[in-house]
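Biologist: Could you take me through one part of this model up close, slowly enough for a first-year student? I'd like to hear about the rings and the sulfur link.

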Amino acid sequence: MWTQTNPEYLTQSLIRQSSESHGAEDVPIYARDPDLNLFHTTHEQPYIAHVIKYSLCVGAYAEENFCLN
């Protein structure tokens, strides 16, 4: 199964590159209420993507109770 725990997993990319273009330094993320509690410490990039989708009520999160109101 191709999941992030598989050693051969490749993250999706819009532009294919032969090497990494990111220095792995921390990037600050700022949030305001009501989603402030979702960013409370250091997080991996996939978590950040899920929180953004959750906050915007898109994808799998479109059916959440707060999105339907």
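Modeller: Here is a walk through that part, starting with the whole chain. Keep in mind that this is a predicted model. The protein chain has two helices and zero strands. Of its 69 residues, 9% are buried. Its accessible surface comes to about 6,700 Å², and carbon and sulfur atoms account for 53% of that.

Now for the close look. Let's begin with Tyr54 and Phe66. Their ring centres sit 4.9 Å apart and their planes meet at 55°. Why does that make the pair tilted? Planes under 30 degrees apart would be stacked and those over 60 would be edge-to-face, so whatever falls in the rest counts as tilted, and the 55° of Tyr54 and Phe66 lands there. This pair links distant parts of the chain, with Tyr54 in helix 1 (residues 45-56) and Phe66 in helix 2 (residues 65-68), twelve residues apart.

Neither ring is tucked fully away: Tyr54 is partly exposed at a relative accessible area of 26%, and Phe66 is partly exposed too, at 39%. There's another ring to add here, since ring pairs join Tyr54, Tyr61 and Phe66 into a cluster.

Next, the sulfur link. A search of the whole structure turns up one disulfide. Its partners are Cys57 and Cys67, with sulfur atoms 2.0 Å apart. The angle about the S-S bond is -85°, and the link is left-handed. Cys57 lies in the loop between helix 1 and helix 2, while Cys67 is in helix 2, so the disulfide ties together parts that are ten residues apart in sequence.

Those two cysteines fall on either side of a cut-off. Buried means under 20% relative accessible area, so Cys67, at 18%, is buried. Cys57 comes out at 24%, which means that Cys57 counts as partly exposed.

So how many aromatic pairs are there in the whole structure? The search finds three. One of them is Phe39 with Tyr47, an edge-to-face pair whose centres are 6.4 Å apart and whose planes are at 90°. Tyr47 is partly exposed, with a relative accessible area of 31%.

Putting the close-up together, helix 1 and helix 2 are linked by the ring pair of Tyr54 and Phe66, and the disulfide of Cys57 and Cys67 runs from the loop between those helices to helix 2.

How values were computed:
Residues numbered from 1 in each chain as written. Predicted model: local features only at pLDDT ≥ 70, side-chain atom pairs only at ≥ 80, totals over all residues. Heavy atoms only, no water. Phe/Tyr/Trp six-rings, centres within 6.5 Å; stacked < 30°, edge-to-face > 60°. Buried < 20%, exposed > 50% of the residue type's maximum accessible area, 1.4 Å probe, protein only. Helix = DSSP H or I, 4+ residues; strand = E, 2+ residues; numbered from the N terminus. Areas by Shrake-Rupley, 256 points an atom, 1.4 Å probe, with all protein chains shown as cover. Disulfide = S-S within 2.5 Å.
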